[in-house]
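New to this protein? Here is a short, informal walk through a few of its corners.

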Amino acid sequence: MSSGIKQLIRRRATTFRCPGRVTCVDLNAVRTFVVAADSGQFQETAAALSITQQAVSKRIAALEKDLGVRLFTRTARGAQLTIDGQAFLPHARELLRVAERADASVRPGRRALRVDVVNRRVVTAGLLEDFYRMHPEIDLDVVKLDADVVGAIAAVESGTIDLTFHGLPPQLHLPAVISTAQVVNDSHELLVGPRHPLANARAVAPERLAGHRIWMPGVDARGEVTAYYEELADAFGISIDMVGPVFGNESLLAEIADSADLATLVGEKSRYLWPDSYDLRRIPIRDPSPVYPLSMIWREDNAHPALIELRDYLHSRHANPSGINTWMPRWVRWTAPRL
């Protein structure tokens with residue numbers, strides 16, 4: 001058990017001896033008490049803990065002094081629990097279990113790796129799922145933070161999460177402890193209903209989207225996603241409507257299926273489900289293909305062994321789009337300065 005956890009338990013593990021007075025309990029003494037209660041012999045306790053019998057007696061005496069009661073009665077047959085010792089024993093066992101859980105919760109490799117996938121239907125969630133299939137022995141805690149890139153970086157820096165995925169827009173300053181690496185290039189597709197003018201196209205160029213209504217309600221005006229779509233719209237003369245109430249994906253898909261002019265943009269590897277009767281069409285956008293760049297973000301000093309495994313996996317899955325006709329925002333080539 002780490003010394004930090006021992007000190008924490010020594011500070012926090014308390015029992016009330018009388019009103020208004022709190023007595024600190026030494027965790028080593030509690031462990032010695034439990035072993036002695038189980039064995040009934042101080043000599044056997046000393047052997048089990050690899051200490052001297054005198055040390056066992058001193059620990060028990062110190063614990064009895066802290067609690068203000070006698071825990072054992074010495075007899076010819078050994079050490080027998082007093083009534084107070086019997087009352088304290090189940091609480092002592094629980095205290096040791098709490099200490100073990102506390103230690104395990106912070107020991108590298110013992111707790112789950114906590115990863116923010118941003119949205120459970122997008123490419124990052126699929127990558128985490130594929131990683132888990134390859135490494136089912138790794139305990140993952142997959143979460144979705146309600147935060148833009150600044151909030152997500154703050155969560156990584158504070159240790160709330162181990163890793164997140166975001167685009168890194170211009171003028172973003174990274175704390176010195178934060179590291180990033182671009183690992184996802186998510187191409188876009190046009191999602192339309194069967195009566196849309198582009199419904200039967202095998203692929204469309206971005207310029208052909210000019211004049212069509214692209215509806216993306218609920219895009220957070222605070223975040224880097226808005227900066228990406230604003231630059232995309234300016235580059236190709238596209239009108240992207242981000243205004244309107246958000247009633248959920250099911251409502252959006254139903255609206256598109258029933259419309260002859262409404263469309264939206266989705267990531268190529270994003271997962272959407274809808275009834276067959278909707279007959280929605282996912283149409284690749286080509287020449288160039290707009291690509292949203294996502295970087296993984298983590299603390300450089302994070303020693304969790306599963307984090308290294310995950311970063312290596314994401315690097316191995318990263319496809320360089322340099323040989324394809326793609327469009328990326330200008331800021332993807334910009335290196336964020338460090339504080």
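Let's start with a single side chain: tyrosine 228 is buried, and its relative accessible area is 0%. Keep in mind as you look around that this is a predicted model.

The neighbour in sequence, tyrosine 229, counts as buried too, with a relative accessibility of 8%. Rings like these can be looked at in pairs, and the protein has eight aromatic pairs in total. In one of them, the rings of tyrosine 228 and tyrosine 229 have centres 5.0 Å apart and planes at 80°, so this pair is edge-to-face. In general, two numbers describe such a pair: the distance of the centres and the angle of the planes. The two tyrosines also belong to one aromatic cluster, which is made up of Tyr228, Tyr229, Phe236, Tyr292 and Trp327.

Another ring has a charged partner. Arginine 213 sits over the face of tryptophan 215, 5.4 Å from the ring centre.

Next up is helix H10, which covers residues 305-317 and has 13 residues. From first C-alpha to last, H10 reaches 19 Å, close to the 18 Å expected at 1.5 Å a residue. Which residues of H10 are buried? They are Ala306, Leu307, Leu310, Tyr313 and Leu314. Looking down the axis of H10, you find these buried residues within an arc of 125°, so they line one face of the helix. Their cover includes strands S5 (113-116), S7 (163-166), S8 (178-192) and S13 (289-299), along with helix H6 (123-134).

Helix H6 is also home to threonine 124. Is threonine 124 buried or exposed? Threonine 124 is buried, with a relative accessible area of 1%. Leaving aside residues up to four places away in sequence, threonine 124 touches Val117, Asn119, Phe165 and Leu294.

Finally, how confident is the predictor? The mean pLDDT of the protein is 86, and 87% of its residues reach 70 or more. Among the elements, strand S1 has the lowest mean pLDDT and strand S12 the highest:

| Strand | Residues | Mean pLDDT |
|---|---|---|
| S1 | 14-18 | 40 |
| S12 | 281-284 | 97 |

Over residues 1-22 the pLDDT is below 50, and this stretch has 38 contacts in the model beyond near neighbours in sequence. Residues 333-339 also have pLDDT below 50, with 18 contacts counted in that way. Where pLDDT is low, the predicted coordinates should not be read in detail.

Notes
Residues numbered from 1 in each chain as written. Heavy atoms only, no water. Phe/Tyr/Trp six-rings, centres within 6.5 Å; stacked < 30°, edge-to-face > 60°. Buried < 20%, exposed > 50% of the residue type's maximum accessible area, 1.4 Å probe, protein only. Lys NZ or Arg CZ within 6 Å of the ring centre and 35° of its normal. Helix = DSSP H or I, 4+ residues; strand = E, 2+ residues; numbered from the N terminus. Expected span 1.5 Å × (residues − 1). Arc of directions from axis to C-beta. Contact = heavy atoms within 4.5 Å. pLDDT = per-residue confidence, 0-100.
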